[in-house]
Amino acid sequence: MVATLVPVATRFGMASKLVDAFCKATTVFDMFWLLWWFYVGCWAMKVLADFGVVYAGVVQTCNTSSRVVESFELVLPRVAVLDPPFTSSSATMEAAAANGEDRVIAAAQQIVKSLGTSMNVKEDMILILSSFDNRLSAITDLLSGGGGGCGGGPRCAGRLESRLDAAEKVISRWGNSSSATARGFAFIPWEDSPDEAAEYLAAVDGVISLTEEEESADETEVLDRAEGVLQMAMDRLEDEFRHIMIQNTVPFDAARLLGSIRSMSLSFAAGGGEEIEDYESSVGEEDHEAYLEEGSAGGSLSEDLRGVEPVRPEAVPHLKSIAERMIRARYEKECCQVYSSVRRDVLDECLAILGIEKMSIEEVQRIQWNDLDEKMKKWIQAVKVVFQAMLLGEKQLCDQIFEVSPVIGEVCFTETAKGCVMQLLNFAEAVAIGQRSPEKLFRILDMYDALSNVMPDLQVRFPEEPREFLCSEAELILKRLGDAARGTLAEFENAVKREASRKLLQFGDIHPLTRYVMNYVKLLVDYSGTLNVLIGESETESGDVPEVNNDDDSRRAGSMSPLARHVLSTISYLESNLEEKSKLYEDSGLQYVFLMNNILYMVQKVKDSELGTTLGDDWVRNHRSQIRRHARSYLRSSWIKVLSYLRDEGIGVGGSSSNVSKVALKERFKNFNMAFEELYRNQITWKVPDHQLREELRISISEMVLPAYRSFMGRFGSHLEGARHAAKYIKYTPEDLENYLLDLFEGMSGPSNHPRRKLSS
């Protein structure tokens, strides 16, 4: 009879409400009132709906449902006479057999009476009501004090089997993919049909509670069968867990994350292992400025981008529900394996998008510098994204899904993230122990800074045991990167000191070594914080202090920072090297022009950057004085010979300007013209790239030559006026010479290529 009311209750939404209320009931008295109103309500609706249908349904149900009949047969012997309106007798039962409405009321009266007299009948009632909602299977634990047992015996085994039958019916519908496909779904529709998903989970809960029963001899077969059903349910939940994880994975937004980091694009050389002068081919002021604008490893993800969502938030409750049941059923290992497998694949894919490939140490060390430089830049960016965004998101996801067991959540996170972290650390180790060359230094420093900056993130993400291992590995690799940076810096200084190329710049221009070294040390200062720590540690351990050739610089070095001492030492090596290279020029004047150009370039680099603060104003003043000394030396070496032809000695007879030897005078003008023209032809090809220095040299030459020429012309020019071929000897006026001097140091190939003038013939 009870089963007759199920469709009615379900149709009017009463079954689910009854189940919810019944699960909350804590006393038999509460259950009595719930059942009373339920039966009265169902009876009233049936009467209003269709009396004929009620009669037929009651009769058919009473004749065909052995479980319900058995339950009532168990109840009937215990029925006692109740006070009105609950009076019951054999006559009443006979009337109920003849009248459907009376039979429903009589059955309700008997169940109510049983609730007050027998715990076993209460369990019978639960079995009956379980047909409304599988969630009622879990109430057994509550009513039995948590054990779920019913005291043992065949009758108890029968009730357990009934509960198992109800749960197995639901679970078997989703037992395999073919049966699920027949229903129109390959997987449980968690979002499209939440009621169906809830029914399945309730059935799983029922089976889990059965397997938790204390086993008795009569219940062994039922509980063994329950284990088989549980295995079927866990297999399905494992597939569901994997499917939900994969289908709801949020696509990796690399562009958004990388856009928040200042990218780097400077490459210092076309290839490794070359002579130091060849490095200059790829290092210029424009590259240096671009590097500074784009930034280095100091950048990090903004706070709003830290912690990405690996999985759609809507799917997390479903994953959490599955994980809770698999853990309760002691299938936590399988759950953890599925979770870690799926998320590891996702992290591997994200690393590939970031440009991080799985490579052995040997493979990394065989890569050409250009390719390695690109991989190092991508590694620097990937470290920030992985540690500051991806791992944070993974940790939050584990905490949400495995809230019921934080320990299992930590295991899942460790298994998921450990491989990703080790892949990044292995690449850094390969770089750190690889061949050292100056062009690698800044990338190594960027890697050192990037790894150092994310160490706090690494320390807080992982549980204690894996944290100790990973942090010790990271700290070891950080130390190796620091050693590589110090070693590379020492290699650079030695390369500057030993660089002995004899390749001359034809016009005395700035040497590529000067450009390379000054741009290099200018970048070093941008890493002063890191390098001062690294160099300071090394000097403390070894006691070695870099050498400085200049006495004045050596005195100042004692009060400088560790990096400043190394910069000063490197520039000192550069100056000594340039001195040696200047001697390769045969023309002494060109030697001084070469030194002026290179020292001025060094001064400008120092004055216009943080190098000025590092080396100090005294360094700048001393090197400007050097430029002035070289300028005076240039004037003496180049123009003294020309001016010697404008002296009075040897022209006048008896030392008097009135007694001039015209032959000697012609020879003087002729020699002056030849000497000036030779200097002009040579020095218009010499190059002084700095406009101010170029103008200062021209002015100095003019102040030296033009007054002497005017004076000589004034004293002796008249002696050749009217003479035959006078223009052949007095070829230039002072104004002509002044104009010609404006062509010096332009770096032209010769006077014939000058757009404005040619020498007189």
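This briefing walks through charged pairs, two helices and some aromatic contacts in the structure above. Keep in mind that the model is predicted. It holds 34 salt bridges and 19 aromatic pairs, and a handful of each are picked out below. There is also a buried lysine, Lys-440, that has no salt bridge.

**Salt bridges**

- Let's start with Glu-212 and Arg-328, whose side chains meet in a salt bridge at 3.2 Å, N to O. This pair links distant parts of the chain, 116 residues apart: Glu-212 sits in the loop between helix H12 (194-211) and helix H13 (220-247), while Arg-328 belongs to helix H16 (residues 316-328).
- Both partners are partly exposed, with a relative accessible area of 37% for Glu-212 and 33% for Arg-328.
- The Glu-212 and Arg-328 pair is also part of something wider, a network of salt bridges that links Asp-205, Glu-212, Arg-325 and Arg-328.
- Arg-236 and Glu-240 make another salt bridge, with their closest N and O atoms 2.8 Å apart. They are four residues apart in helix H13, so about one helical turn separates them.
- Is the Arg-236 side of that bridge buried or exposed? Arg-236 is buried, at a relative accessible area of 4%, and Glu-240 is buried too, at 0%.
- Then there's Glu-499 with Lys-581, a salt bridge whose closest N and O atoms are 2.7 Å apart. Glu-499 lies in the loop between helix H22 (464-498) and helix H23 (512-526) and Lys-581 in helix H26 (residues 562-582), so this bridge ties together parts that are 82 residues apart in sequence.
- The two ends of the bridge are buried, with Glu-499 at 7% relative accessibility and Lys-581 at 4%.

**A buried lysine without a partner**

- Lys-440 is in the loop between helix H20 (406-432) and helix H21 (441-461).
- Why does Lys-440 have no salt bridge? The nearest side chain of opposite charge, Glu-439, is 6.0 Å away, and a salt bridge needs the nitrogen within 4 Å of a carboxyl oxygen, so Lys-440 goes without.
- What does Lys-440 touch, then, leaving aside its neighbours within four places in sequence? Its contacts are Trp-369, Leu-372, Met-376 and Gln-435.

**Helix H23 and its stacked pair**

- H23 has 15 residues and reaches 22 Å from its first C-alpha to its last, close to the 21 Å expected at 1.5 Å a residue.
- This helix is mostly covered, with 12 of its 15 residues buried. Among them are Leu-513, Tyr-516, Val-517, Met-518, Tyr-520, Leu-523 and Leu-524. Asn-519 and Lys-522 are on the buried list as well.
- Among the structure's 19 aromatic pairs, Phe-492 and Tyr-520 form a stacked one, at 3.8 Å centre to centre and 15 degrees between the planes.
- That stacked pair links distant parts of the chain, since Phe-492 is in helix H22 and Tyr-520 in helix H23, 28 residues apart.
- Both rings belong to buried residues, with a relative accessible area of 0% for Phe-492 and 1% for Tyr-520.

**Helix H30 and the aromatic cluster**

- How does the span of helix H30 (residues 662-683) agree with what its 22 residues should give? At 1.5 Å a residue it should span 32 Å, and the end C-alpha atoms are 31 Å apart, which agrees.
- The buried residues of H30 include Leu-665, Phe-669, Phe-672, Phe-676, Leu-679 and Tyr-680, and also Arg-668 and Glu-677.
- Where do the buried residues of H30 pack? They go against helix H29 (617-644), helix H31 (691-716), helix H32 (726-729) and helix H33 (734-741).
- Tyr-680 of H30 is buried, with a relative accessible area of 1%, and Tyr-740 is buried at 7%.
- Trp-639, Phe-672, Phe-676, Tyr-680, Tyr-709, Tyr-732 and Tyr-740 form one aromatic cluster.

Terms used. Residues numbered from 1 in each chain as written. Predicted model: local features only at pLDDT ≥ 70, side-chain atom pairs only at ≥ 80, totals over all residues. Heavy atoms only, no water. Helix = DSSP H or I, 4+ residues; strand = E, 2+ residues; numbered from the N terminus. Buried < 20%, exposed > 50% of the residue type's maximum accessible area, 1.4 Å probe, protein only. Lys, Arg positive; Asp, Glu negative; His and termini not counted. Contact = heavy atoms within 4.5 Å. Expected span 1.5 Å × (residues − 1). Phe/Tyr/Trp six-rings, centres within 6.5 Å; stacked < 30°, edge-to-face > 60°.
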